[in-house]
Amino acid sequence: MTAAAPTRVLVLNSGSSSLKYQLIDMAGPVPGTDRPARGIVERIGEPRARGGVPDHAAALRAVGDELAAAGHGLDSPDLLAIGHRAVHGGTRFTEPVLVDDGVLAEMEKLVPLAPLHNPANIAGIRVARELRPDLPQVAVFDTAFHATLPEHAWRYALDPAVADPYAIRRYGFHGTSHAYVSRTAARLLGRDPADPADLAGFHVIVLHLGNGASVSAVAGGRCVETSMGMTPLEGLVMGTRSGDLDPAVVFHLAREAGMDTDAIDTLLNKRSGLAGLCGDNDMREIGRRMAEGDERARLAFDVYVHRIRKYVGAYTAVLGRVDAIAFTAGVGENSAAVREASMRGLEAFGVELDSVRNAVRGDAPRVVSAPGSRTAVAVVPTDEELEIATQTRDLVGERGLSLPPP
Ligand code: ADP
């Protein structure tokens, strides 16, 4: 009897202070239905006394222990591959890639573009390779889906002689989510995302509204515009990031407030957005405060929604015609109020929300626009782990890969 082929992908998302994992079974008619284990190791780099683990190596060992305790140890023969979330692929990585020493060296070169995220990703990959050198490890980049942006969309209006040597351009992020949600929205509306001919002409605006937030315009499965830029700071109002801002604000803060670069960086990335406007970055709390008549919470909500509406208008112009607007991530999936306020008054654009459908909560992808709405409005729960597992499995193939000995 021959052993069954391995069907499981371990998805790792190593951030600077946490390591999230999901073990996803890609067998069966609906891959990803079976997820034998998932979890998170937090407080990487904090003292053990406070429940911390010293580094990413220790974090991954802890993941290995949790998996083993659940009967799915890292040495399991069921493992097909490990899929890693990677944040910044620069212009070098526009597709998922099988990790080898050369890939890691190139990821190191991209650290200046994502100084917080990429080192953590690299650390996670290194440790996973040490633990399972025989297993294919695939890196799936957050920027990759946006590699199809035309140059007039990705280029800032700067002298290329200044911008290009420093890799200054728009890259976009949350690409794994935008890819997954745009395809799922197509399927929800009767298109076959696997068939380029059927998908051609399908235009969707994806609003990923989580703690970070971004919007993308996708035509025929290709991303043509997105709101995040060289870093995730550009674009929509986020939980703690300002999003779009006149760059002269930075000079002004430096000259008039005497703030240095790090202080301004912290202000714009960690103390702005909803948190900066009203002190809370959680839309649930903002909703509660608004219900009590809190003016600051109301203003934060209004600024947040206004920015979304501006982008929807702009991306409608970019696409020319919009078949669907898809809401996703924590706020997009759960806040009927944000969806309602950001879609209100867009009838002239062919958008007609159905307030009853919109108010219904659910876990499944669903249409929340009125039956006659020319542009469908959909809620599509994102699933970045499944997307990483799918891209990983597609790259290594169903039979896996045999790697040369290290
Ligand atoms: P991340 O970007 O960290 O992955 P999520 O996509 O999980 O975040 O989004 C987290 C945010 O979603 C929270 O900060 C909160 O504002 C919002 N959120 C979660 N649940 C709800 C809810 N029921 N109603 C409104 N907002 C919600």
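Which residue has a backbone N or O atom lying 2.9 Å from an oxygen atom of the ligand? That residue is Asn211. Keep it in mind. One caution before we go on: this is a predicted model.

Let's start with the ligand. There are 13 residues around it. Five of them come nearest: Asn211, Asp282, Met283, Gly330 and Asn334. Asn211 we have just met. Met283 also uses its backbone, with an N or O atom 2.7 Å from a ligand oxygen. Arg284 works through its side chain instead: an N or O atom there is 3.5 Å from a nitrogen atom of the ligand. How much of the ligand does the protein cover? On its own, the ligand has 580 Å² of accessible area, and the protein covers 67% of that.

Which elements give two or more residues to this shell? They are α11, residues 283–291, and α13, residues 329–334. The largest share comes from α13, with 4 residues. Now the make-up by class. The shell has 7 polar residues, 3 charged and 3 nonpolar.

Next, the overall layout. The protein is divided into two domains. Domain 1 spans 8–141, and domain 2 spans 194–384. Their C-alpha centres lie 29 Å apart.

Now the sheets. Take the one that starts with β3. This is an open sheet of 6 strands, in the order β3-β2-β1-β4-β6-β5. The pairing is mixed. β3, residues 37–41, and β5, residues 97–98, stand at the edges. Each has a single partner strand, so one side of each is left without a neighbour in the sheet. Look at the β3 edge. β2, residues 19–25, pairs with β3 in the antiparallel sense, over 5 bridges. One place to find this on screen is Leu23, whose bridge partner in β3 is Ala37.

On to the sheet that starts with β9. This is an open sheet of 6 strands too, again with mixed pairing. Its order is β9-β8-β7-β10-β12-β11. Which strands stand at the edges here? They are β9, residues 222–226, and β11, residues 366–367. Each has a single partner strand, so each keeps one side without a neighbour in the sheet. Further in, β7 and β8 run antiparallel. β7 covers residues 203–209, β8 covers 213–219, and 7 bridges join them. For a marker, use Ile205: its bridge partner in β8 is Ala217.

I want to finish with two residues. The first topic is Asp323. Where does Asp323 lie? It sits in the loop between α12, residues 295–319, and β10, residues 324–328. Its side chain reaches the backbone nitrogen of His203 at 2.8 Å. His203 belongs to β7, which spans 203–209. The Asp323 side chain also makes a polar contact with the side chain of Arg321, at 3.0 Å. Leave out residues up to four places away in sequence, and Asp323 touches Arg191, Gly201, Phe202, His203, Arg374, Thr375 and Ala376.

The other residue is Arg85, in strand β4, residues 79–86. That strand sits between β1 and β6 in the sheet order. Which side chains does the Arg85 side chain meet in polar contacts? One is Asn13, at 3.5 Å. Another is Asp142, at 2.7 Å. Setting aside neighbours within four places in sequence, Arg85 is in contact with Leu12, Asn13, Asn121, Val140, Asp142 and Ile388. For a sense of scale, compare Arg85 with Val377. They are 292 residues apart along the chain, and their C-alpha atoms are separated by 29 Å.

That's the tour. Back to the opening, if you want one view on screen: put up the ligand with the backbones of Asn211 and Met283, and the side chain of Arg284.

Note on methods. Residues are numbered from 1 along each chain as its sequence is written. This is a predicted model: local features need pLDDT of at least 70, side-chain atom pairs count only at pLDDT 80 or more; totals for chains, interfaces and linings use all residues. Side-chain values use heavy atoms; hydrogens and water are left out. A residue is near a molecule or strand if one of its heavy atoms lies within 4 Å of it. A polar contact is a pair of N or O atoms within 3.5 Å; within protein, one must be able to donate a hydrogen and the other to accept it, and residues adjacent in sequence count only if both atoms are side-chain atoms. Accessible areas come from the Shrake-Rupley method with a 1.4 Å probe; for residues, only the protein chains shown count as cover. Ala, Val, Leu, Ile, Met, Phe, Trp, Tyr, Cys and Pro count as nonpolar, Asp, Glu, Lys and Arg as charged, and the others, Gly among them, as polar. Domain bounds come from an automatic or database domain assignment. Two strands pair if DSSP finds at least two bridges between them. Contact means heavy atoms within 4.5 Å.
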